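Trainee: Hi, I'm new to this one. Could you walk me through it?
Mentor: Happy to. Let's put it on screen.
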Amino acid sequence: MFYESSAWKKHKSCGTSSLLPMTPKKPQQWLQVVGHAGSFHVGDYGTLLKRFCEGEQQCYLRLMEDVLMPFVPAYHGVVQRDEQNYNMMDNLLTHFNRPAIMDCKMGSRTYLEGELLVARERPQPRKDMYEKMVAVDPEAPTDQERAQQAVLKTRYMQWRETLSSTTSLGFRIEGFRFAAIHVYFHSLVAAHFCIILLTFVSFLLQKSNEECHTNFKRTKSREQVIEALDNFVDSSTHIVWGYLRRLKQLRQILEASDFFRTHEVVGSSLLFLHDWTGRTGVWMIDFGKTEALPAHLTLDHRTPWVDGNREDGYLWGLDNLIDILTNMLPLT
């Protein structure tokens, strides 16, 4: 379903952040291809509205005062639409021309330790998760699980992570859409787009006649990831260089960030954008599962996770992603 931004005249502020003046932008048509229906709406003045999450709001308020601020969407507070609260932030696609878009889920796990704890305290075999498991791999269930036609949530969550490069490389590709460069040169007629902000719970901006690639659940090996990334950048050395510069800058800032040091960053993504002009950009998005740590605890985000240490593997994954992109460049 397409969402076309409507000219609703008033933003009712529900938060402490004041709205910043922004240049009005032409509304775009959007298609939500994954995630929960209604989680996103296009706002006015180059903004995006995401269904309100208090934890995410608190993260953005902290991030607006952290050295990571240039690497996340600018946050503009809470607004209300149709009696529903939304976090309002910059629409990162505003300054790109029909961009290619990729969402990479970062870290060595996408579930919180708290989720595991709750699941262990209330163990209940889940038939729905069993069905999801056999749909991906009919041989995955144990004999006992097959007899019950159900699996425990803890078992499912940990099994799911082993399928992709999450556990082997510390990140996984959630999905991407190619840049509209070929369409731009071969046709000057603008069509509809879909958007993938796959961890902004996941939108995809795309031409109506272009394909969104989201089947990466079993993309696990380094070679498979390289093939997918090379496909995304259309084998462009220029685009790879652009992404590498940004990712190296991000890594340096992450290592100096008070926010990053004191938060368990799980389920967050890096959003990659490039367009036919050669412009590139990378931003951190989706902080709905990011949790502040107890006062006595900090993370290095590279130490392997064991139950109880809260490590998320974010920097380990970023190191691997940078290494992979570096090795995609021609030898000089």
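Mentor: We'll go from the overall picture to a few individual residues.

Trainee: Great. What kind of model is it?
Mentor: This is a predicted model. Its average pLDDT is 82, and 78% of the residues score at least 70.

Trainee: Where is the pLDDT below 50?
Mentor: One such stretch is residues 1–36, where the pLDDT is below 50. In the model, that stretch still has 93 contacts beyond near neighbours in sequence. Residues 181–209 also have pLDDT below 50, and there the model shows 104 contacts of that kind.

Trainee: How should I read places like that?
Mentor: Where pLDDT is low, the predicted coordinates should not be read in detail.

Trainee: OK. How many helices and strands does the chain have?
Mentor: There are 11 helices and 13 strands. The chain runs to 332 residues, and 49% of them count as buried.

Trainee: And the surface?
Mentor: About 16000 Å² is exposed, with carbon and sulfur atoms supplying 52% of that.

Trainee: What share of contacts joins residues at least 24 apart?
Mentor: Taking contacts between residues at least 6 apart in sequence, 73% join residues at least 24 apart.

Trainee: Let's go inside. Which residues have the most contacts in the largest nonpolar core?
Mentor: Those are L270 and F272, in a core of 49 residues.

Trainee: Is there a general reason such side chains gather?
Mentor: In soluble globular proteins, nonpolar side chains tend to be buried together.

Trainee: What is F272 in contact with?
Mentor: Leaving aside neighbours within four places in sequence, the partners of F272 include A100, I101, M102, C104 and L321. F232 and Y243 are also among them. Those two turn up again in a cluster built from ring pairs, which links F176, F178, F216, F232, Y243 and F272.

Trainee: Ooh, rings. How many aromatic pairs does the structure hold?
Mentor: It holds 11. One to look at is Y60 with Y75: the ring centres are 5.4 Å apart and the planes are at 10°, so the pair is stacked.

Trainee: Where do those two sit?
Mentor: Y60 is in helix α1 (residues 54–63) and Y75 is in strand β5 (residues 75–81), so the pair ties together parts that are 15 residues apart in sequence.

Trainee: Buried or exposed, for Y60 and Y75?
Mentor: Y60 is buried, at a relative accessible area of 0%. Y75 counts as buried too, with 5% relative accessibility.

Trainee: Can you show me a tilted pair?
Mentor: Sure, try Y156 and W159, with 5.7 Å centre to centre and 40° between the planes. They are 3 residues apart in helix α5 (residues 153–163), so about one helical turn separates them. Y156 is buried at 8% relative accessible area, and W159 counts as buried at 10%.

Trainee: Switching topic: which residues lie over the face of a ring?
Mentor: R246 lies over the face of W283, at 5.3 Å from the ring centre. R279 lies over the face of F96, at 4.9 Å from the ring centre.

Trainee: Last one. Where does G308 lie?
Mentor: G308 is in the loop between β13 (291–292) and α11 (314–327). Its relative accessible area is 52%, so G308 is exposed.

Trainee: How far is G308 from E113?
Mentor: Their C-alpha atoms are separated by 7.2 Å, although G308 and E113 are 195 residues apart along the chain.

Methods: Residues are numbered from 1 along each chain as its sequence is written. This is a predicted model: local features need pLDDT of at least 70, side-chain atom pairs count only at pLDDT 80 or more; totals for chains, interfaces and linings use all residues. Side-chain values use heavy atoms; hydrogens and water are left out. pLDDT is the predictor's confidence in each residue, from 0 to 100. Contact means heavy atoms within 4.5 Å. Helices (H or I, at least four residues) and strands (E, at least two) are DSSP runs, numbered from the N terminus. Buried means under 20% relative accessible area, exposed over 50%, partly exposed in between (1.4 Å probe, protein chains only). Accessible areas come from the Shrake-Rupley method with a 1.4 Å probe; for residues, only the protein chains shown count as cover. Rings of Phe, Tyr and Trp (its six-membered ring) pair if their centres lie within 6.5 Å; planes under 30 degrees apart count as stacked, over 60 as edge-to-face and the rest as tilted. A charge sits over a ring if NZ of Lys or CZ of Arg is within 6 Å of the ring centre and within 35 degrees of the ring normal. A nonpolar core is a set of buried Ala, Val, Leu, Ile, Met, Phe, Trp, Tyr and Cys residues joined through side-chain atoms within 4.5 Å.
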